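Colleague: I'm still new to reading models like this one. Please take me through it one question at a time.

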Amino acid sequence: MDAADTSSFLSLFAAVSYGIASMAMVFINKAVLMQYAHSMTLLTLQQLATTLLIHFGRSMGYMKARGLNVETAKKLIFVSLFYNANVAFALASLKGVNIPMYIAIKRLTPLAVLIAGFFTGKGKPTTQVTLSVMLTAAGVIIAALGDFSFDPFGYSMALTSVFFQTMYLVLVERSGAEDGLSSIEIMFYNSFLSLPFLLFLIIATGEFPNSLSLLLAKSTSLSFLVILLLSLVMGIVLNYTMFLCTIVNSALTTTIVGVLKGVGSTTFGFILLGGVQVHALNVTGLVINTAGGIWYSYAKYHQKKSKLPKLMSDVEAHRK
C-alpha cells in the first residue's frame, strides 16, 4: 500500500468511525436523559471516565501519549471550554427536542465552520467545496420548514451548541497541526481540563447533590446501568474518533460527516425515542442535504489526491 492509499484509508477510517460513533451517541444520550435528566452530571461522568481510562492506559503502557504539560494545557484550555459548552447545550436541547429536529439544527455546523475559516485566515476553499456546503445547508432549511414545531428553548440551546462546536473544531484542527498532538493526547487534555469547569457547573446549577442521589437510586435498575455504561464508553469512543477525524482530515470534513450520519439518525429518529410526522419537505430537504454531502466528499477526495502527488514531487526535488 503506497502513501496515497494509506492516507486515503486512514482518512476514510477516521470519517466512518466518527460517523458511526456520533450517530450511536445521539440515541444513547437521549435514552439516558429520558430516565436521568441531569445532563451536566452525565457529561461530568463521561469526561471523568475518559480521563481515568487514558491515565491508566498510559501508566500501564497500553497507550502512547505524552504526560501532562502545563504549556500545552494553557494552549488547549479554550478547546476544552468550547467542547464542553457545545456538549452541555446539545444535551440541554435533547431533553426537550426530538432527534430529527435536533439533527436538522446541528446540520448548520458545516456552514458555520466554512464561515469561520474565512475569519481565521485558513484560506478560501474551492468552488466545489463551497457550493456543496451551501447545498447541504439549503437542504437543512428545506427539511426544517416541514419538520419543526416551535420550541424556543430547545432550538436556542441547539443553535448555541452549533456555535461552540464550530469554535472547538477549528481550534482542534489548529492544535493538532501546530503542536503535533495525537488525538488521544488532545482527548486527555480536553477531558482533564473539563473536570473543574464541569464540577463548578453542576454545583452552580443546583444539579449536585440531587443528581448524585438520583443516580444512586437508579443504580438498582440493571437496564439503566447498562445504558449509562454504554453512554460512558461511547463518550470515550466519540471523543477519540472526532479528534482523529479532525486532525487527519479537517474541521469541515468532521462536520460534513456529522451531516451525513444525521440522515441515518433522522430516519431512525422518526421511529425511535419519539419520532415526528413525515412531510414532503422533510424528504426533499434530506435528499438535497445528502446530495450536498456526497458532492463535498467527491470534491475533497480529488483535492487531497491532487495535493499528495505534488507534495511527494516537492519532497523528491528537495532531496536532489
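Colleague: Which two side chains meet in a salt bridge?
Modeller: First, this is a predicted model, with local features needing pLDDT of at least 70 and side-chain atom pairs pLDDT 80 or more, while totals for chains, interfaces and linings use all residues. Residues are numbered from 1 along each chain as its sequence is written, and side-chain values use heavy atoms, leaving out hydrogens and water. A salt bridge needs a side-chain nitrogen of Lys or Arg within 4 Å of a carboxyl oxygen of Asp or Glu. A pair at 3.8 Å, N to O, fits that, and its partners are Lys-74 and Glu-71.

Colleague: How many salt bridges does a search of the whole structure find?
Modeller: In general, side chains of opposite charge can pair when their charged atoms come close. Searching the whole structure for such bridges gives a count of one.

Colleague: Why are Lys-74 and Glu-71 about one helical turn apart?
Modeller: Both sit in helix α3, residues 70–94. (A helix here is a DSSP run of H or I with at least four residues, a strand is a run of E with at least two, and both are numbered from the N terminus.) They are about one turn apart because their spacing along the helix is three residues.

Colleague: Is Lys-74 buried or exposed?
Modeller: Buried means under 20% relative accessible area, exposed over 50%, and partly exposed in between, using a 1.4 Å probe and protein chains only. Glu-71 comes to 49%, which makes it partly exposed. Lys-74 has 54% relative accessibility, so it counts as exposed.

Colleague: How many helices does the protein chain have?
Modeller: Reading along the sequence, you meet α again and again. The strand count is zero, and the helix count is 12.

Colleague: What share of the 320 residues is buried?
Modeller: Thr-50 in helix α2, residues 39–59, is one buried example, at 0% relative accessible area. Leu-76, found in helix α3, is also buried, at 2%. Over the 320 residues of the chain, the buried share is 48%.

Colleague: Which residues does Thr-50 contact, leaving aside its neighbours within four places in sequence?
Modeller: Contact means heavy atoms within 4.5 Å. With those neighbours in sequence set aside, Thr-50 is in contact with Met-187, Ser-191, Ile-236 and Asn-239.

Colleague: Which element gives the most to the largest nonpolar core?
Modeller: As a general rule, nonpolar side chains tend to be buried together in soluble globular proteins. A nonpolar core is a set of buried Ala, Val, Leu, Ile, Met, Phe, Trp, Tyr and Cys residues joined through side-chain atoms within 4.5 Å. The largest one has 56 residues, with Tyr-102 and Met-242 touching the most other members. Its top contributor, giving 10 residues, is α1.

Colleague: Which element gives the most to the lining of the second largest pocket?
Modeller: A pocket is an open set of points on a 1 Å grid over the protein atoms alone, where a 1.4 Å probe fits, with protein on both sides within 12 Å along at least five of seven lines; lining residues have an atom within 4 Å of a point. Here the lining includes Ala-85, Phe-89, Met-157 and Glu-207. Helices α2, α3 and α8 (183–204) each supply at least two of the lining residues. The one giving the most, with four, is α3.

Colleague: How many of those lining residues are nonpolar?
Modeller: Ala, Val, Leu, Ile, Met, Phe, Trp, Tyr, Cys and Pro count as nonpolar, Asp, Glu, Lys and Arg as charged, and the others, Gly among them, as polar. The lining has two charged and two polar residues, and its nonpolar count is eight.

Colleague: What is the distance between the C-alpha atoms of Ser-211 and His-38?
Modeller: Ser-211 is in helix α9, residues 210–218, and is buried at 1%. Not counting residues up to four places away in sequence, Ser-211 touches Tyr-36, His-38 and Thr-41. Along the sequence, Ser-211 and His-38 are 173 residues apart, yet C-alpha to C-alpha the distance is 6.1 Å.

Colleague: Which peptide bond is cis?
Modeller: Look at the loop between α8 and α9, where Pro-209 lies. With omega near 10 degrees, the cis bond runs from Phe-208 to Pro-209.
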